[in-house]
Amino acid sequence: MWLVGLGRDAFTQAVADPDVLAATPEVQALVGRPRDVWNDDWPGWESLDCVAMEAYGILAGVDDECGESFYEAVDAEKGDGGGTSGPLGEQWDVRREDEAARKLPRLRVMFPLR
């Protein structure tokens with residue numbers, strides 16, 4: 001959600017190369033800080049959770065706090081379920097040091113696994 005909130009250009013760039021996130025101020029604010037104290041500065045992931053649901057409610061004229069009508073519309077848009085629910089492209093394990101070093105060199109330096 002946070003990444004979508006950065007806008008189309010940032011999202012498109014991060015999809016093409018996730019390592020570009022190393023340049024975002026929100027990610028840079030976490031560098032060198034212990035992970036157990038990130039809560040105060042962690043990018044606002046949850047703050048965007050309901051944006052699509054609220055926008056749908058306004059446009060469709062639906063007052064539905066639980067979002068049932070939104071999720072019904074999303075399911076209807078998916079159609080017969082022939083699409084994929086997982087990520088596309090090469091699969092790799094971000095927890096493996098060698099793969100992280102190869103795929104995310106800047107982020108790996110900023111946030112070593114050990």
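How many helices and strands does the protein chain have? The chain of this predicted model has seven helices and zero strands. The legends below begin with the whole chain and then turn to individual sites.

**Figure 1. Overview of the predicted protein chain, with the helix pattern α-α-α-α-α-α-α along the sequence.** The chain comprises 114 residues, of which buried residues make up 19%. The surface that the chain exposes amounts to about 8700 Å², and carbon and sulfur atoms supply 55% of this area. Among contacts with a sequence separation of 6 or more, 41% involve residues 24 or more positions apart. Across the structure there are five salt bridges, and a search of the whole structure yields two aromatic pairs. Some of these interactions are shown in the views that follow.

**Figure 2. Close-up of the salt bridge between D19 and R106.** The side chains of the two residues meet with an N to O distance of 3.3 Å. D19 is located in the loop between α2 and α3, whereas R106 belongs to helix α7 (residues 105-110), so the salt bridge ties together parts of the chain that are 87 residues apart in sequence. Are D19 and R106 buried or exposed? D19 is buried, because its relative accessible area of 3% falls under the 20% cut-off. R106, at 41% relative accessibility, counts as partly exposed. The pair therefore joins a buried acidic partner to a partly exposed basic partner.

**Figure 3. Close-up of the loop between α2 (8-16) and α3 (25-28), showing T24.** T24 is found in this loop and counts as buried, with a relative accessibility of 12%. Which residues does T24 touch, when those up to four places away in sequence are not counted? The residues are W2 and L6. The loop between α2 and α3 also contains D19, the residue whose side chain meets that of R106 in Figure 2.

**Figure 4. Close-up of A10 in helix α2.** A10 has its place in helix α2, and its relative accessibility of 25% makes it partly exposed. A10 and V20 are separated by ten residues in sequence. In space, the C-alpha to C-alpha distance between A10 and V20 is 8.6 Å.

**Figure 5. Close-up of the salt-bridge network of R96, D98 and E99.** R96 and D98 form a salt bridge in which the closest N and O atoms are 2.8 Å apart. A salt bridge also connects R96 to E99, with the closest N and O atoms 3.0 Å apart. Because R96 takes part in both, salt bridges with shared partners join R96, D98 and E99 into one network. How accessible are the members of this network, and what are their relative accessible areas? D98 is partly exposed at 45%, and R96 is partly exposed at 40%. E99, in contrast, is buried, with a relative accessible area of 12%.

**Figure 6. Close-up of the crossing of helix α4 (residues 51-60) and helix α5 (residues 68-78).** Two packed helices are described by the angle and the distance between their axes. The axes of α4 and α5 come within 9 Å and cross at roughly 95°. Since this angle lies in the range from 65 to 115 degrees, α4 and α5 are roughly perpendicular to each other. Which residues meet where these two helices come together? From α4, the residues are A52, M53 and Y56; from α5, they are S69, F70, Y71 and A73.

**Figure 7. Close-up of the aromatic cluster of Y56, F70 and Y71.** Ring pairs link these three residues into a cluster. F70 and Y71 form an edge-to-face pair, with 5.0 Å from centre to centre and 75° between the planes. The pair is classed as edge-to-face because the angle between its planes is over 60 degrees. F70 counts as buried at 15% relative accessibility, whereas Y71 is partly exposed, with a relative accessible area of 44%.

**Figure 8. Close-up of S69 in helix α5.** S69 has its place in helix α5 and is buried, with a relative accessible area of 17%. Apart from neighbours within four places in sequence, S69 is in contact with Y56, V62 and D64. Of these contacts, Y56 is one of the α4 residues that meet α5, and Y56 is also a member of the aromatic cluster in Figure 7.

Notes:
Residues are numbered from 1 along each chain as its sequence is written. This is a predicted model: local features need pLDDT of at least 70, side-chain atom pairs count only at pLDDT 80 or more; totals for chains, interfaces and linings use all residues. Side-chain values use heavy atoms; hydrogens and water are left out. Helices (H or I, at least four residues) and strands (E, at least two) are DSSP runs, numbered from the N terminus. Buried means under 20% relative accessible area, exposed over 50%, partly exposed in between (1.4 Å probe, protein chains only). Contact means heavy atoms within 4.5 Å. Accessible areas come from the Shrake-Rupley method with a 1.4 Å probe; for residues, only the protein chains shown count as cover. A salt bridge is a side-chain nitrogen of Lys or Arg within 4 Å of a carboxyl oxygen of Asp or Glu. Rings of Phe, Tyr and Trp (its six-membered ring) pair if their centres lie within 6.5 Å; planes under 30 degrees apart count as stacked, over 60 as edge-to-face and the rest as tilted. Axes are lines fitted to C-alpha atoms, for helices over the stretch in contact, and angles run from 0 to 180 degrees between N-to-C directions. Angles under 35 degrees count as roughly parallel, over 145 as roughly antiparallel, 65 to 115 as roughly perpendicular and the rest as oblique.
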